[in-house]
Amino acid sequence: MKKKFVLTLALVLMVATTLVAFPVEFTGSIKAGYKLTFDPTAIAASNTPEINIDALSVSGDFWKVGVAGGTLAFDTDNAIAGTLSIYLDKALAEQGVDMGDVTVTLAIGNMGDVKPSDVYADTNDKVAELAMKGTYSSKVTVGYTDMVTVELAADPTNTADKPIMLGAKFAPVDGVKAAVGYTNFTASGDKGGMTASASADIAALAGLDFALTASAITVYNFDTEKNNLYAEVNGSFEDISAWAEYQLLDTTSNLIAKVTYAGIENMGIYGKLSLADFSDIATTIGFGADYTMGGVKYALDAEYAAATEAFSLTPSVKVSF
């Protein structure tokens, strides 16, 4: 049976807030539109609706109950994945045990696959991240100030594969961060993998008067012996922002770059270039504009794919909450 669980659960949480005065966080966006594709032989149309739930949770002083976010179809029958996070350091402090600068958080529930933390910017949102295969997973996170965080996750219900995840994140100096992660059983069913990432706020380190950051991440699969590397530079000056990402996917090199201008009130204009395997034949050029009025973003995106000679237009509307 199809369930409209997102709005129903939000209503339940809001009622609970009224009754017991626990704060609720509910943020995300709803986007709907059509993609019209014109190629040399045909015209095709498809719809592009999506609901993005960034955060849906209710919290107390020593705990937080959160519902997994992500992109959800409008009417797909989805199981609800939820996590109970318990702030053990705060609970112990209430009992008179002072942990100082150490934090300890226990997370348990049907949270599914668990990813180690990383520090990659991922503006393009296309990284094939490492994740431990799990269903009823649990995770313990121990942190010391903002300098070090260590994570350990496992799914005790999977006695055959015994999946575990280890991760650590470091901030040795201001403006520099690094992270590593490992699992013995990946979300794709492969027998293990590891990841490492690093980021630097170049503007802060060099004292620049404009924003400039750089970050990179590598993901290695023990089973396939393949490595994916992503590196990104992201900067902005006044009304212009830009980013570029280099991808080395095993032996294939790709490059994606985007420039955005926001100098017109309530309006944004962008241009985007994608080179697959550094090939002119596989070049994709994109451009578009959006205008926000009454809390609704109206957008028109266009894209030309050189390989197929296909040109597409995507009008859409989006509300963020």
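A residue counts as partly exposed when its relative accessible area lies between the buried limit, under 20%, and the exposed limit, over 50%. Lysine 191, with a relative accessible area of 47%, is therefore partly exposed. The model on screen is predicted, and the tour starts at this lysine.

**Stop 1: salt bridges**

Select lysine 191 and aspartate 161. They form a salt bridge, with the closest N and O atoms 3.3 Å apart. The pair links distant parts of the chain: lysine 191 is in the loop between strand 11 and strand 12 (193-201), and aspartate 161 is in the loop between strand 9 and strand 10 (164-173), 30 residues apart. Aspartate 161 is partly exposed too, with a relative accessible area of 27%.

Next, select glutamate 151 and lysine 139. In this salt bridge the closest N and O atoms are 3.8 Å apart. Glutamate 151 belongs to strand 9 and lysine 139 to strand 8, 12 residues apart. Is this pair of side chains buried or exposed? Glutamate 151 counts as buried, at 5% relative accessibility, and lysine 139 is buried with a relative accessible area of 18%.

Then select glutamate 129 and lysine 115, which form a salt bridge with the closest N and O atoms 2.9 Å apart. Both residues lie in the loop between strand 7 and strand 8, so the pair ties together parts that are 14 residues apart in sequence. Glutamate 129 is partly exposed at 33%, and lysine 115 is partly exposed at 45%. The count of salt bridges in the model is 3.

**Stop 2: strands 6, 7 and 8**

Show strand 6 (residues 82-87) and strand 7. They pair in the antiparallel sense over 5 bridges. To find one of the bridges, select isoleucine 86, whose partner in strand 7 is leucine 106. Now add strand 8, which pairs with strand 7 in the antiparallel sense over 7 bridges. Here valine 104 has valine 142 in strand 8 as its bridge partner.

Stay in this region and select threonine 145, in the loop between strand 8 and strand 9 (148-154). Threonine 145 has a positive phi of about 45 degrees although it is not a glycine. Most residues other than glycine have a negative phi. At 37% relative accessibility, threonine 145 counts as partly exposed.

**Stop 3: aromatic rings**

The model has 5 aromatic pairs. Select tyrosine 120 and tyrosine 230: this pair is tilted, 6.4 Å centre to centre, with 50 degrees between the planes. Tyrosine 120 is in the loop between strand 7 (102-109) and strand 8 (138-144), while tyrosine 230 is in strand 14 (residues 226-237), 110 residues apart. Both tyrosines are buried.

Move on to tyrosine 182 and phenylalanine 222, a tilted pair at 6.2 Å centre to centre and 40 degrees between the planes. Tyrosine 182 sits in strand 11 (residues 176-183), and phenylalanine 222 in the loop between strand 13 (211-221) and strand 14, 40 residues apart. Tyrosine 182 is partly exposed at 31%, and phenylalanine 222 counts as partly exposed at 34%. Add Tyr220 to the selection: Tyr182, Tyr220 and Phe222 form one aromatic cluster.

Two lysines are also worth selecting with a ring. The charged end of lysine 90 sits over the ring of tyrosine 87, 4.9 Å from its centre. The charged end of lysine 258 sits over the ring of tyrosine 270, 4.3 Å from its centre.

**Stop 4: strand 16 and the loop that follows**

Select serine 253, in strand 16 (residues 252-261). At 15% relative accessibility, serine 253 counts as buried. Which side chain is joined to serine 253 by a polar contact of 3.0 Å? The partner is tyrosine 246. Among the other residues that serine 253 touches are Leu248, Leu275 and Phe278.

Select asparagine 266 next, in the loop between strand 16 and strand 17 (267-275). Its phi is near 65 degrees, a positive value in a residue other than glycine. Asparagine 266 counts as partly exposed, at 41% relative accessibility.

**Stop 5: tyrosine 291**

Finish at tyrosine 291, in strand 18 (residues 284-293). Tyrosine 291 is partly exposed, with a relative accessible area of 37%. Its contacts include Asn266 from the previous stop, along with Glu265, Met267 and Tyr298. Add glycine 268 as well: tyrosine 291 and glycine 268 are 23 residues apart in sequence and 6.7 Å apart in space, C-alpha to C-alpha.

Note on methods: Residues numbered from 1 in each chain as written. Predicted model: local features only at pLDDT ≥ 70, side-chain atom pairs only at ≥ 80, totals over all residues. Heavy atoms only, no water. Phe/Tyr/Trp six-rings, centres within 6.5 Å; stacked < 30°, edge-to-face > 60°. Helix = DSSP H or I, 4+ residues; strand = E, 2+ residues; numbered from the N terminus. Buried < 20%, exposed > 50% of the residue type's maximum accessible area, 1.4 Å probe, protein only. Lys NZ or Arg CZ within 6 Å of the ring centre and 35° of its normal. Contact = heavy atoms within 4.5 Å. Pairing = 2+ DSSP bridges. Polar contact = N/O pair within 3.5 Å; in protein donor to acceptor, adjacent residues only side chain to side chain. Salt bridge = Lys/Arg side-chain N within 4 Å of Asp/Glu carboxyl O. Lists of a residue's contacts leave out its neighbours within four places in sequence.
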